[in-house]
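This report walks through one protein chain, taking a helix and the turn after it, then the overall fold, and finally a group of cysteines. Please keep the sequence and the model open while reading.

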Amino acid sequence: MTPDEIEEVFRRFHAANPEPKGELEYVNVFTLLVAVVLSAQATDTGVNKATRALFKVADTPQKMLKLGVEGVSQYIKTIGLYNAKARNVIALSELLIKNHNGEVPSTREELQALPGVGRKTANVVLNIFFGQPTIAVDTHLFRVGNRTGLAPGKDVLTVELALEKAVPEWALLHAHHWLILHGRYVCKARTPECWRCLIEDICLFKPKTPPPAQKGGGLAPPR
């Protein structure tokens with residue numbers, strides 16, 4: 001895509017959703033961090049169902065530590081890999097208390113030093129809570145970056161760095177949310193819904209998906 005086309009992509013995203021929000025539920029920066037750690041290889045919906053009860057009893061590192069691994073596991077056992085994730089939650093709680101006085105740090109390096117926290121998780125926390133213009137590349141962003149031509153790359157870091165260069169400065173803060181929501185609900189992995197895509201005419205994806213047939217035998221009306 002050309003710079004002008006990329007500018008238009010984000011202009012349309014902004015016009016449709018000026019203040020995009022993440023879908024994970026949290027009550028403070030610590031619970032946001034825990035929710036993002038738990039969301040690896042899990043849906044936001046599934047994580048929210050598990051953490052609503054958990055965060056009522058443990059919304060600080062100190063309270064989480066009192067639950068212990070087994071206690072946390074009981075709350076999140078509906079989430080995949082819950083035993084390993086419970087261990088990470090307890091371990092990161094311990095380090096937050098030991099190294100940061102129980103506070104969540106605001107730098108990528110310090111966040112990535114915590115158990116279970118990779119670059120993507122750190123970027124999500126920095127973006128959502130600390131308001132930093134980071135871009136967290138998950139499977140949705142990786143797919144959208146490559147499929148649309150916004151930021152092609154063979155690995156997530158390449159796509160992340162390409163997006164940071166390509167996205168207009170005014171759109172950097174919200175770019176992560178626009179792209180993940182677009183990938184989650186429109187530019188889906190198996191069957192992208194091109195017929196209702198805001199950027200269908202700009203996107204470089206060649207085999208555009210036609211609208212599904214209606215029950216009456218015709219085609220779905222244009223968006």
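## The residue that follows helix α5

In this predicted model, helix α5 is followed by N101, a residue whose phi is positive, near 55°. N101 belongs to the loop between α5 and α6, and with a relative accessible area of 70% it is exposed. Although N101 and P61 are 40 residues apart along the chain, their C-alpha atoms are separated by 9.7 Å.

## Helix α5 and its buried side

Helix α5 itself takes in residues 82-100, 19 residues in total, and reaches 25 Å from its first C-alpha to its last, which is close to the 27 Å expected at 1.5 Å a residue. Which residues of α5 are buried? They are K85, A86, V89, I90, L92, S93, L96 and H100. These residues cover an arc of only 165° around the axis, and therefore they lie on the same side of α5. The general geometry of an α-helix helps in reading such a list, because with 3.6 residues a turn, residues three or four places apart point the same way.

What covers the buried residues of α5? The cover includes three other helices, namely α2 (29-38), α4 (61-76) and α6 (108-112).

## The chain as a whole

The secondary structure of the chain comes to 10 helices and zero strands, so that reading along the sequence gives the pattern α-α-α-α-α-α-α-α-α-α. The C-alpha trace spans about 60 × 40 × 30 Å along its principal axes, and 45% of the 223 residues of the chain count as buried. Among the contacts between residues at least 6 apart in sequence, 58% join residues at least 24 apart.

An unreviewed UniProt entry carries the annotation "domain: HhH-GPD" over residues 38-185. Over residues 38-185 the model is 68% helix and 0% strand, and the end C-alpha atoms of that stretch are 21 Å apart.

## Four cysteines at one spot

The unreviewed UniProt entry also places the feature "binding site" at C187, C194, C197 and C203. These four positions span 17 residues in sequence, yet no two of their C-alpha atoms are more than 10.6 Å apart, so they gather at one spot. From this set, C187, C194, C197 and C203 are taken into the lining of the largest cavity.

How many disulfides does the structure hold? The count is zero, since a disulfide is taken here as a pair of cysteine sulfur atoms within 2.5 Å. C187 is in no disulfide, and the nearest cysteine sulfur, that of C203, is 6.2 Å away. C194 is likewise in no disulfide, its nearest cysteine sulfur being that of C197, 6.6 Å away.

## Surroundings of the cysteines

Are C187, C194 and C203 buried or exposed? C187 counts as buried at 7% relative accessibility, C194 is buried with a relative accessible area of 10%, and C203 is buried with a relative accessible area of 13%, because the cut-off for buried is under 20% relative accessible area. Both C187 and C203 are found in the segment after α10, a helix that covers residues 172-185.

Not counting residues up to four places away in sequence, C187 touches R143, V144, R147, H182 and P192. With its neighbours within four places in sequence left aside, C203 is in contact with M1, R147, T148 and K208. R147 therefore appears in the contact list of C187 and in that of C203, under the criterion of heavy atoms within 4.5 Å.

## H182 beside the cysteines

H182, which was named above among the contacts of C187, lies in helix α10. At 6% relative accessibility, H182 counts as buried. Leaving aside its neighbours within four places in sequence, H182 is in contact with F13, V144, C187, C197 and I199, and these partners include two of the cysteines that the UniProt record lists under "binding site", C187 and C197. V144 is one of the residues in contact with H182, and V144 is also among those that C187 touches.

Notes:
Residues are numbered from 1 along each chain as its sequence is written. This is a predicted model: local features need pLDDT of at least 70, side-chain atom pairs count only at pLDDT 80 or more; totals for chains, interfaces and linings use all residues. Side-chain values use heavy atoms; hydrogens and water are left out. Helices (H or I, at least four residues) and strands (E, at least two) are DSSP runs, numbered from the N terminus. The expected span of a helix is 1.5 Å times one less than its number of residues. Buried means under 20% relative accessible area, exposed over 50%, partly exposed in between (1.4 Å probe, protein chains only). The arc is that of the directions from the helix axis to the C-beta atoms. UniProt positions are given in the numbering used here, feature names are shortened, and annotations may be inferred rather than shown by experiment. On a 1 Å grid over the protein atoms alone, a cavity is a set of points where a 1.4 Å probe fits but cannot get out, and a pocket is an open set with protein on both sides within 12 Å along at least five of seven lines; lining residues have an atom within 4 Å of a point.
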